[in-house]
Amino acid sequence: MTRVIVVGGGLAGLTAARHLARAGIDVQVFERRSSVGGRVRSRHEDGFVLDRGFQVLFTAYPAAKRELDLASLDLHEFTPGATLARPGHRTTLADPLRDPGSLTNTLFNRDPTLFDKLRILSLRQEFADRDEADLFAGDDRSIRALLADRGFSEPFVERFFAPFYGGITLDRDLSTSAAVFGYTFRMLAEGSIAIPADGMGAIPAQLADAARDAGAEITLDTPAEAIETPESGAGAIDATTASTDEVTVETGGETHEADAVVVATDPQSARDLTGVASIPTDARGCVTQYFSLPTHDALDTGRKLLLNAEEDGPNHVAPLSAVAPEYAPEGRELLSATFLGDPDESDDELARQVKRTLAAWYPERRFDDLTHLRTDRIPFAQIAQPPGFYRDAPAVDAPAGPVYLAGDHTRWSSIHGAMDSGRAAARAVLDSE
């Protein structure tokens, strides 16, 4: 094994490329866009840092601690917990074990009952020792079914869990796998939610630098159009290639030969390139809008998320520059507001909904200076993850020939799943020698 092509420069592909290059393999990455990152990218406009949709890093993810230099990302953490908001009513819910200053507000918050608060502590204990392999195996059910079984009150489920886990799974109905809930709940208890000072795009940028330092070559603006192996189409391969185990990748009329290929693209492209029907393509999407306010009009939520305790309007609002001041120029604040799914309303109408929602949450204030900066519509932000979805996930070696899969669709939708899949694909390539 001397040469490997990685198709896709997202988190999975970059992680695979670095591990392969460190093992002494000649690695070529082809990325169809003009920058690396896949679904994790940032733009810098007029002093604002605008991530591609609302994304955050769970610092306790094992893959994050293994693959990233977290210290050099200059991470800024959200305060544990959230502000629950509905018209004329805002309350604080936090983890007093990690945020002692919130103890009084949390104790007197009547959105959760006393039993709800005790059951949250019980969940911490329940999932504290459950590892990933254990959770993503065997029988499964929905998040809503799990919470009902644990005895949480329906009002608390709707006011807290629905918007909070709606933001994580893009599924406010809580029909997503309870395995996703269990593992992310454990990660939230063990670590923090954070964003890099330079935006979420700093994560793939760091991975790309590490891959290049290890010897990988990354070529941008180069989409892969076809992959051919002796098993899948020897007739399309040169005779000298067909007599070996080499695989070819077509890019813009050029043919590139390699001993193996790692396909780390989006799910639909991966299915088109490999023909693996088990690659999931059912999607969950979202729309994230960015707004600025004068600094003197900053919201009073501090570094906590604002969760919409009712269904009308955005699912949640994030005070990004309150968490990371680098996200906004001096004198301005940056907020993001995220709607789940694919709303039919225009960008302008959604922006008006955000303004109406904030005005209802803060009736004592005016939002005349709220400025809409940008809207990101992301129809495929995650794969759908119903109960038991992981049982149908494609294996890393599912394609024919020396072709391997990487991407969170081979695990579960998360930054952890993407990077962990890249490492697994690299290991599979190396083990095939």
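This passage describes the domains, strands and one surface patch of a predicted model. Residues are numbered from 1 along each chain as its sequence is written. Local features need pLDDT of at least 70 and side-chain atom pairs count only at pLDDT 80 or more, while totals for chains, interfaces and linings use all residues, and side-chain values use heavy atoms, with hydrogens and water left out.

The chain is assigned to domain 1 (3-41 + 200-279 + 386-431), domain 2 (42-97 + 192-199 + 283-383) and domain 3 (113-190), with bounds that come from an automatic or database domain assignment. Taken over C-alpha atoms, the centres of domain 1 and domain 2 are separated by 32 Å. Contact between these two domains (heavy atoms within 4.5 Å) involves 23 residues of domain 1 and 27 residues of domain 2.

A good place to start with the strands is β15. Helices (H or I, at least four residues) and strands (E, at least two) are DSSP runs, numbered from the N terminus. Strand β15 spans residues 283-294, and 10 of its 12 residues are buried; buried means under 20% relative accessible area, exposed over 50%, and partly exposed in between, with a 1.4 Å probe and protein chains only. Two strands pair if DSSP finds at least two bridges between them. β15 pairs with strand β19 (residues 371-383) in the antiparallel sense over nine bridges, and Val287 stands opposite Arg377 in β19. Nine bridges also join β15 to strand β18 (residues 332-340), again antiparallel, with Tyr290 opposite Ser336 in β18.

Ser336 turns up again around Val317, a residue of strand β17 (residues 316-318). Leaving aside residues up to four places away in sequence, Val317 touches Leu305, Leu306, Leu335, Ser336, Ala337, Leu358 and Trp361. Val317 is buried, with a relative accessible area of 2%. Its C-alpha atom is separated by 45 Å from that of Asp431, 114 residues apart along the chain.

Elsewhere, an open sheet of three strands follows the order β5-β9-β6 with antiparallel pairing. β5 (57-58) and β6 (75-77) stand at the edges with a single partner strand each, so one side of each has no neighbour in the sheet. Three bridges join β6 to strand β9 (residues 193-196), where Glu77 stands opposite Ala194 in β9.

Finally, helix α4 (residues 114-127) holds Leu118, which is partly exposed, with a relative accessible area of 47%.
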